[in-house]
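Below is a short report on the ligand sites of one model. It covers what surrounds each ligand and how the metal ion is held.

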Amino acid sequence: MNVDSKMANVAVIGAQWGDEGKGKVVDLFSDKADIVVRFGGGNNAGHTLVVDGRKTVLHLVPSGALHAHKLCIIGNGVVVDPEVLLEEIRGLKENGFLLDDSLLRVSEEAHLIMPYHKSIDLARERLRGKGKIGTTGRGIGPAYEDKVGRVGIRFVDFLEEDTFRDKLRHNIEEKNLYLKAILKEKTLQFDEIHEAYCGYREKIRKYVANTTLVLEKEIKAGKKVLFEGAQGTLLDVDHGTYPYVTSSSTVSGGVCTGAGLGPQNIHQIIGISKAYTTRVGSGPFPTELQGPEEQKLREEGEEFGATTGRPRRCGWFDAVGVRHAIRINGMTGLALTKLDILTGFKKIQICTAYRYDDQDHREFPSSLRAMERAQPVWEEMEGWNEALSAAREFTDLPIQAQRYVRRLEEILAIPMVLISVGPGREQTILLKNPFH
Ligand code: GDP
Ligand code: IMO
Ligand code: MG
């Protein structure tokens, strides 16, 4: 990878439907960065880090937090549930991390998730019944709706006592009408919410800053930044399987708006993809398996949501979806995770195109109906039986696994920068260092 030493900011972006292993990869790359920035999503994300055999799941705090001295920034594009953030900070401190409060900064322009966002999210899902999106129920969609609808509450508003009180009063009046008349849901009390949030405010105040200025200063001083994506490209509100998506920009374009800087500040865009595919929640999934193969992937891969604990739907690698992600994000390299989970399959399939309307399509369709009808066109590869978790060099992998990785590189037309063979930080084959 031809990058000079000054060109050192890297974005890590999910190339599938989330849970690709972004947390592990960001934790690993954090070693080489000075600053780690979350730029979108909220606590719908669940990023798992395994260090010295100990598992930590982060929902809001950037995955650089397990390294000492890294500045962690929650950017303006993130929607923040203050109760969840405080609980996460408490848990990290209890385990000896994030001891220096100056190493966590929350954008004053980030929007707050309020109790009415959660009530609306849950009530709508209940009313949708079978047609539900399968959201995480964390209030993400309604919080972004309020942001775009210009009635959201930002941290800067939260810190101003009068502004917060006025906005909260106005919003609760409006939301209560909607909750009661349309959603047939319980209404909410202003006093209760106001009191609880004033308590959070005093604990959070010290972290709030104009993070766009912080980033500008640090980048000018030559610091290296790692941008941590949440969710995945196929859940992106513009480029995913709409309406079965989340409500934010999960792609590399979202880094600029969600962190507040220009595109010239992003030098490498690393896509993360599992060696197979998973999806949690509803929506089309052409390569989804049923029966013993799905069960094997779910059990061996421990495919249960890090946020909600829901079983993840599992299927073979979907090169149509990942090629779409590579293009939309301008990905410069790919990290392939969970290759170890494919051990023990006699044959492994790769979906190279979708078949619908009697034709093979290589491009990811925008139409939901097309996605729902799409039948995978398979390319079959030989499997292997050897365990991979001790591999540290590419040549440690059995020849069939090497061929699988090389074939994916060909089909996707992108170089692999790393291969992950286990949840642990060290269970990694690093092929190219994106910071050099
Ligand atoms: P994220 O949301 O993209 O950060 O991914 P999650 O943390 O939700 O889900 C990924 C899961 O796979 C976590 O439990 C990780 O510990 C685990 N994991 C990541 N990479 C590997 C790998 O290469 N092999 C195995 N077996 N597990 C992995
Ligand atoms: P990470 O960062 C997997 C999915 C939900 C649902 C849809 C909308 O851990 O990869 P939302 O609550 O965002 O309104 O739900 O998006 N979803 C995720 N799936 N990983 C995630 O995050 C997700 N965040 C949201 O399951 O289908
Ligand atoms: Mg996750």
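## Ligand 1: the shell

Helix H1 gives three residues to the shell around ligand 1, the largest share. Helices are DSSP runs of H or I with at least four residues, strands are E runs of at least two, and both are numbered from the N terminus. In all, 19 residues surround ligand 1, and Lys22, Gly23, Thr48, Asp340 and Ser420 come nearest. A residue is near a molecule if one of its heavy atoms lies within 4 Å of it.

By class, this shell holds four nonpolar, eight polar and seven charged residues. Here Ala, Val, Leu, Ile, Met, Phe, Trp, Tyr, Cys and Pro count as nonpolar, Asp, Glu, Lys and Arg as charged, and the others, Gly among them, as polar. Domain 1 (10–108 + 207–269) and domain 3 (273–430) both contribute, so ligand 1 lies between them. The domain bounds come from an automatic or database domain assignment.

## Model basis

This is a predicted model: local features need pLDDT of at least 70, side-chain atom pairs count only at pLDDT 80 or more, and totals for chains, interfaces and linings use all residues. Residues are numbered from 1 along each chain as its sequence is written, chains are lettered from A and ligands numbered from 1 in the order written, and side-chain values use heavy atoms, with hydrogens and water left out.

## Ligand 1: polar contacts

Polar contacts to the ligands are pairs of N or O atoms within 3.5 Å. A backbone N or O atom of Lys22 lies 2.7 Å from an oxygen atom of ligand 1. For the side chain of Thr48, the distance is 2.6 Å. A polar backbone atom of Gly422 sits 3.1 Å from a ligand oxygen. The protein covers 92% of the 580 Å² of accessible area that ligand 1 has on its own (Shrake-Rupley method, 1.4 Å probe).

## Ligand 2

Ligand 2 is surrounded by 20 residues, the closest being Asp19, Lys22, His47, Thr136 and Thr246. Seven are nonpolar, 10 polar and three charged. A polar side-chain atom of Thr136 lies 2.6 Å from a ligand oxygen. A polar backbone atom of Gln231 is 2.8 Å from an oxygen atom of ligand 2. Protein covers 98% of the 550 Å² that ligand 2 has on its own.

## Magnesium ion

Asp19 (OD) and Gly46 (O) are the protein donors of the magnesium ion (ligand 3), at 2.0 to 2.2 Å. Donors are N, O and S atoms within 2.8 Å of the metal (3.2 Å for Na, K and Ca); water is not among the atoms, so sites may look incomplete. Asp19 lies in the loop between S1 (10–14) and H1 (22–30), and Gly46 in the loop between S2 (35–38) and S3 (47–51), so the pair ties together parts 27 residues apart in sequence.

How values were computed:
Polar contact = N/O pair within 3.5 Å; in protein donor to acceptor, adjacent residues only side chain to side chain.
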